[in-house]
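Welcome! Let us walk through this structure together, one part at a time.

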Number of protein chains: 2
Amino acid sequence: MTQMLQAMHGKATAAIEIVANQENIPLDEIKRLMAAGQLIIPANPLHTSLMPIAIGRAAKVKINANLGTSQISSSTDEEVEKLHIAMQFGADTVMDLSTGKNIDETLGAMLSESTVPLGTVPIYHVFDQLKNLEEMRIEHLLEMIEHQAKQGVDYMTLHCGILQEHLTLVKKRLSGIVSRGGGLLAAWMHKTGKQNPLYEHYDAVLDILVKYDVTISLGDALRPGCIHDATDAAQIAELKTLGELTKRAWQRGVQVMVEGPGHIPLHEVEYNMQVQHELCHGAPFYVLGPLVTDCAAGFDHIASAIGAAVAGWKGASLLCYITPKEHLGLPNKEDVKQGVIAYKIAAHAADIAKGRKQARERDAAISKARVNFEWENQFNLTFDPETARKHHDESLSHDVFKQAKFCSMCGPKYCPMGLANSDNLI
Amino acid sequence: MTQMLQAMHGKATAAIEIVANQENIPLDEIKRLMAAGQLIIPANPLHTSLMPIAIGRAAKVKINANLGTSQISSSTDEEVEKLHIAMQFGADTVMDLSTGKNIDETLGAMLSESTVPLGTVPIYHVFDQLKNLEEMRIEHLLEMIEHQAKQGVDYMTLHCGILQEHLTLVKKRLSGIVSRGGGLLAAWMHKTGKQNPLYEHYDAVLDILVKYDVTISLGDALRPGCIHDATDAAQIAELKTLGELTKRAWQRGVQVMVEGPGHIPLHEVEYNMQVQHELCHGAPFYVLGPLVTDCAAGFDHIASAIGAAVAGWKGASLLCYITPKEHLGLPNKEDVKQGVIAYKIAAHAADIAKGRKQARERDAAISKARVNFEWENQFNLTFDPETARKHHDESLSHDVFKQAKFCSMCGPKYCPMGLANSDNLI
């Protein structure tokens, strides 16, 4: 029985107990939410190194780091290093999106090192083994899904919702299709004139996911790739299909999250969260950013952290990071770090906005340390103590300044916190 | 006659003509907005190198870069270098907040090099010339305001709105007072038991501002310094006073902007914009961030760009940047660059959300370049072409790859834009 089926039968798995503790939510409430599809714990029993976490509106907002080789750049070793960096800075989940050499080997190494849920996009590996895309058959896809399930993958992005009838809607777009897995399926559908095999054989897909208790992440092949295409007919049409597929997965006891954009202007982010919540019956929303402008290449971690913070506040449960390399190349180790930190900030800001007590407590703690000039405490309460310390020490490096009631911004004479404290104003 | 008085009399100054063009807003509308205090053009006639710009809800969202020496760090030459970096990356205004050696010399150098409006906080220089804070008299403040007006300063932050009766409200705070100029005044008021001299002698202050046509930036001495203190009684009490002072300045024909927070959780940003708009009768709002969490030291440019984007969308007219050094030290040149870029992104995202056509056009242009693999065009349409190019070239440095229909993220086989294009899906 899958975790979800157990929850439906009133059983609390070990993972449910762990996340109830983590989230400070009663066990019965976690069980109820999981049975209703509103909260998921992606956890393949074969992923033995996993520490389970919960994804859903009721839980702390989570962040995902995309990793993996490309045919041009990186290696298994490099990606494992990036995995450790991502986990060190607080990634709650990771995806191995490798398309380079030895996809199997990379995935195996990532799974054995990852203590967080790991997701994949199985069609990448399918495509790697084909000479021509047109050769692809449903059997290839089902075999790969089962193969990766056996490896221990916790969740899989499957673009089951893009349909033949959606393809004409893409023609109205400025950026067409920017989803890699979705683009492969769309190209196959366009070349063969056939319906999406993952849609046509959705029950066979679910059979495998039930068997291995793998969570489905319903991919958004038609997520907008620019502000111009945001919240358009293509995006919403696919989302509607994803809502139907969500219900069918739940009927089999398969946990679901739904993937979302992408590129969305700030004033449409809230609407995007609402429409997904409604069309997908409260299934957790897993968004990529969204980027609130197309112009920030080189700094897309910042442009998308803006959208991600608002998305998290308004209901997204898992925020997929975007790194400074987005649109320009495969992220290196430093890019992974910068992306994770930007998203820890966005997720934390969302948690505060959602009224999460623990989030506010951390802010109060660092603010107390700040006003009391406890420099080491302040550094340690940030998202990256090493960087905070480095910035401080750049101008005042001597240890004595860790006791100082000022920094190099104001100096002792002009520091407002020093002035206010010394005068007992506070 | 000040510019505002001229606008009230139906005259369009040269500056009004320039900004009408820049903003693509009819001349009469700019005149009407300026006469009503809803739009300002900070422009001291003695600042001869100035290119005027407009600040107000109807205009493009603007950004400010804080510069200036401290007693611990930097020099005139370094600050002039930072000024050029800030202008290069698109700062619309700058402040010289110097408190180090030779404040006068630094300000003079900044003014002669700055083509954007430049603001100061005159009390810093006053305090520099005193042995003890208690010695400060209104004459010191008035003399300094006139001295800096004569130097050509375009706008001055004057904390006229903090009153004796507000000081008890500060005691309930976690972070007390974090405004440097406001903290000096509060400490003086606390020590002497007297009312704020800038409030008591506000008419004398306005006399000077009228004479030199200097814009007043009503400082928020009581802006919250942490999430805990956000939108509290102290902040709102001072804001009410700033609303009264706004009207008094308008009666004299003095242009006004009102300064705002600081640290505000995401869900309170919109309310903060509304309450300022109401209490201050539509005077442009000049906000510092706001930071949506206290925990991001080392990355406060990101945490505050989130708040700034939402603030700009919901009505703030000028976004004061926060750099990665905030809370840790005086920003260096790289910090200034990073701060300005983060805020260009936030302001642009706000402009898109406000429905500004020109903003969307830029996004459409870069997205077209992207989907057509016009790499150089894409780089040049970002906020920092050099960084975008560097990121791209890190893995694909040869010139031939500037013609390639892929980057190192996906490579030629997996690029969704290549797939969709080649299949005529779009």
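Which helices and strands of chain A do the buried residues of H13(A) pack against? Before answering, please keep in mind that this is a predicted model. Helix H13 of chain A covers residues 269-279, and its buried residues are A:Val269, A:Asn272, A:Met273, A:Val275 and A:Gln276. A general rule helps in reading such a list: an α-helix has 3.6 residues a turn, so residues three or four places apart point the same way. The buried residues of H13(A) pack against two helices, H12 (233-251) and H14 (300-313), and two strands, S8 (256-260) and S9 (285-288), of chain A. After H13(A) comes A:His281, which has a positive phi, near 60°.

From here we can turn to charged pairs. Side chains of opposite charge can pair when their charged atoms come close. Over all chains, the structure holds 36 salt bridges. In one of them, A:Arg252 pairs with A:Asp207, with the closest N and O atoms 2.8 Å apart. This pair links distant parts of the chain, as A:Arg252 sits in the loop between H12 and S8 of chain A and A:Asp207 in helix H11, 45 residues apart. Both partners are partly exposed: A:Arg252 has a relative accessible area of 29%, and A:Asp207 has 42%.

Now compare a pair in chain B. B:Glu23 and B:Lys62 meet in a salt bridge, 2.6 Å from N to O. B:Glu23 belongs to helix H2 and B:Lys62 to strand S3 of chain B, so the salt bridge ties together parts 39 residues apart in sequence. Here both B:Glu23 and B:Lys62 are buried. In chain A, salt bridges that share partners join A:Glu23, A:Lys62 and A:Arg356 into one network.

How do the two chains meet? In chain B, 106 residues are in contact with 106 residues of chain A. The area buried between the chains is about 8,900 Å², and carbon and sulfur atoms give 68% of it. The interface has 2 salt bridges, including one between A:Glu394 and B:Lys325 at 2.8 Å, N to O. On the side of chain B that touches chain A, helix H15 (residues 333-353) provides the largest share, 10 residues. That side divides into 60 nonpolar, 29 polar and 17 charged residues.

Finally, a turn of 180° with a shift of 0.0 Å along the axis lays chain B on chain A with an RMSD of 0.0 Å. That is the relation of a two-fold axis. The C-alpha of chain B nearest this axis belongs to B:Ile306, 2.3 Å away. The copies meet through the same surface, because 100% of the interface residues of chain B are also interface residues in chain A.

Conventions
Residues are numbered from 1 along each chain as its sequence is written. Chains are lettered from A and ligands numbered from 1 in the order in which they are written. This is a predicted model: local features need pLDDT of at least 70, side-chain atom pairs count only at pLDDT 80 or more; totals for chains, interfaces and linings use all residues. Side-chain values use heavy atoms; hydrogens and water are left out. Contact means heavy atoms within 4.5 Å. Buried area is the accessible area (1.4 Å probe) that two parts lose on being put together, summed over both. A salt bridge is a side-chain nitrogen of Lys or Arg within 4 Å of a carboxyl oxygen of Asp or Glu. Helices (H or I, at least four residues) and strands (E, at least two) are DSSP runs, numbered from the N terminus. Ala, Val, Leu, Ile, Met, Phe, Trp, Tyr, Cys and Pro count as nonpolar, Asp, Glu, Lys and Arg as charged, and the others, Gly among them, as polar. Copies are superposed by least squares on the C-alpha atoms of residues with pLDDT of at least 70 in both. Buried means under 20% relative accessible area, exposed over 50%, partly exposed in between (1.4 Å probe, protein chains only).
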